[in-house]
Amino acid sequence: MATTMSRIKLVAGNWKMHGSLASNLALLTAVTSGAKAFDGQFAVCVPYPYLAQAQAVLAGSKVAWGAQDVSEHALGAYTGEVSASMLNDFGCRYAIVGHSERRSFYGDTDAVVAAKFSAALKVGLTPILCVGETLDEREAGITTAVVVRQMDAVLAAAGVAALGQAVVAYEPVWAIGTGKTATPAQAQDVHAIIRARVARDDKAVAERLQILYGGSVKSTNARELFGQPDIDGGLIGGASLVAEDFLGICAAAGGQR
Ligand code: PEP
């Protein structure tokens with residue numbers, strides 16, 4: 001379901017486990033100053049210990065900040081976990097849930113991802129729900145089945161109205177950090193499938209839903225990807241760690257003012 005409605009593009013950085021107080025300061029300062037030149041929505045998802053720094057540098061700017069995960073629990077004896085309300089204390093707008101690294105290294109199942117999604121929404125955070133197939137799954141011809149299963153888990157647990165307060169990121173696992181980007185046509189196909197799945201439950205929510213593409217996005221391929229009708233921006237890993245690269249992608253999303 002390709003749509004003609006124009007949605008604001010969002011470019012969100014995922015720093016993963018990178019950074020230091022000193023290097024972050026230069027990066028955050030350059031990003032917030034450079035982003036002023038572009039239309040669109042921008043965000044960085046930083047490691048937990050740096051949320052206070054992100055808040056201090058980015059508050060009042062057009063760059064929002066968020067976390068890369070969130071606990072499915074509200075509070076309690078969950079050593080090492082961070083709750084959604086704690087993220088709220090640091091002014092987060094976003095929380096990534098279901099990143100493939102969480103799913104594969106930390107055992108986040110579809111059910112856990114759905115619970116994290118709901119926990120984030122409950123306190124007013126915008127979850128960025130990641131879905132995507134592995135290379136084996138793509139080669140086995142089950143990309144649609146995998147992505148729809150991942151969407152179904154959240155739709156069943158949280159309901160379609162919840163998707164109206166969320167962002168989805170299609171991240172083919174084989175493209176994350178590998179330098180292998182999905183072609184614009186491959187990405188568009190899956191984005192259209194995701195939108196069609198949401199539309200089955202609610203057309204208006206589907207029309208408004210921002211669906212980001214993630215997987216080796218660079219300033220050199222971003223414009224063509226973001227030019228696809230169902231691609232509403234990007235979730236950016238490696239390239240979000242270099243201000244010039246990230247801003248190049250922001251430019252592709254927002255255009256020069
Ligand atoms: C990611 O970490 O979500 C990601 C898309 O990484 P990269 O841009 O490095 O492929």
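Contact here means heavy atoms within 4.5 Å. The views below come from a predicted model.

**View 1. Thr 143 in helix α7 and its contacts.**
Thr 143 belongs to helix α7, which covers residues 143–158. Not counting residues up to four places away in sequence, Thr 143 touches Glu 133, Glu 137, Arg 138, Tyr 170 and Val 190. The relative accessible area of Thr 143 is 11%, under the 20% limit, so the residue is classed as buried.

**View 2. The ligand and the residues around it.**
The ligand is surrounded by 14 residues, of which Lys 16, Glu 171, Gly 177, Ser 216 and Gly 238 are the closest. By residue class, this shell divides into 4 nonpolar, 8 polar and 2 charged. Oxygen atoms of the ligand take part in polar pairs with the protein, including those with Asn 14, Glu 171 and Ser 216 listed here. For Asn 14, an N or O atom of the side chain is 3.3 Å from a ligand oxygen. For Glu 171, the distance from a polar side-chain atom to an oxygen of the ligand is 2.8 Å. Ser 216 contributes a backbone N or O atom, 2.7 Å from an oxygen atom of the ligand. On its own the ligand has 300 Å² of accessible area, and the protein covers 95% of that area.

**View 3. Two loop residues with positive phi, Lys 16 and Ser 216.**
Lys 16 sits in the loop that runs between β1 (10–14) and α1 (21–35). Its phi is near 50°, a positive value in a residue other than glycine. Ser 216 sits in the loop between β7 and α11 (219–226). Ser 216 is not a glycine either, and its phi is positive at about 55°. With a relative accessible area of 14%, under 20%, Ser 216 therefore counts as buried. Both Lys 16 and Ser 216 are among the residues closest to the ligand.

**View 4. Gln 210 in strand β7 and its surroundings.**
Gln 210 is part of strand β7, residues 210–213. Leaving aside neighbours within four places in sequence, Gln 210 is in contact with Arg 7, Ile 8, Lys 9, Leu 10, Gln 41, Val 167, Val 168 and Asp 232. One of these residues, Ile 8, has its backbone oxygen 2.7 Å from a polar atom of the Gln 210 side chain. Gln 210 counts as buried because its relative accessibility, 13%, is under 20%. Leu 135 is 75 residues from Gln 210 in sequence, and the two C-alpha atoms are 25 Å apart in space.

**View 5. Arg 195 in helix α9, shown with Gln 210.**
Helix α9, residues 184–201, contains Arg 195. The relative accessibility of Arg 195 is 0%, so this residue is buried. Between Arg 195 and Gln 210 there are 9.3 Å from C-alpha to C-alpha, at a separation of 15 residues in sequence.

**View 6. Thr 126 in strand β5 and its contacts.**
Strand β5 covers residues 126–131 and includes Thr 126. Apart from neighbours within four places in sequence, Thr 126 is in contact with Arg 93, Tyr 94, Ala 95, Gln 165, Ala 166 and Val 167. Thr 126 has 16% relative accessibility and therefore counts as buried, the limit being 20%.

**View 7. Ala 162 in helix α8.**
Ala 162 is found in helix α8, residues 160–163. Setting aside neighbours within four places in sequence, Ala 162 is in contact with Phe 117 and Leu 121. At 9% relative accessibility, Ala 162 counts as buried. Val 205 lies 43 residues from Ala 162 along the chain, with 9.0 Å separating their C-alpha atoms.

**View 8. Cysteines Cys 92 and Cys 130, neither in a disulfide.**
A disulfide requires two cysteine sulfur atoms within 2.5 Å. By this rule the model has 0 disulfides. For Cys 92, the nearest cysteine sulfur is that of Cys 45, 8.0 Å away, and Cys 92 is in no disulfide. Cys 92 is buried, at 7% relative accessibility. Cys 130 is likewise in no disulfide, and the nearest cysteine sulfur, again that of Cys 45, is 9.0 Å away. Cys 130 is also buried, at 2% relative accessibility.

Notes. Residues are numbered from 1 along each chain as its sequence is written. This is a predicted model: local features need pLDDT of at least 70, side-chain atom pairs count only at pLDDT 80 or more; totals for chains, interfaces and linings use all residues. Side-chain values use heavy atoms; hydrogens and water are left out. A residue is near a molecule or strand if one of its heavy atoms lies within 4 Å of it. A polar contact is a pair of N or O atoms within 3.5 Å; within protein, one must be able to donate a hydrogen and the other to accept it, and residues adjacent in sequence count only if both atoms are side-chain atoms. Accessible areas come from the Shrake-Rupley method with a 1.4 Å probe; for residues, only the protein chains shown count as cover. Ala, Val, Leu, Ile, Met, Phe, Trp, Tyr, Cys and Pro count as nonpolar, Asp, Glu, Lys and Arg as charged, and the others, Gly among them, as polar. Helices (H or I, at least four residues) and strands (E, at least two) are DSSP runs, numbered from the N terminus. Buried means under 20% relative accessible area, exposed over 50%, partly exposed in between (1.4 Å probe, protein chains only).
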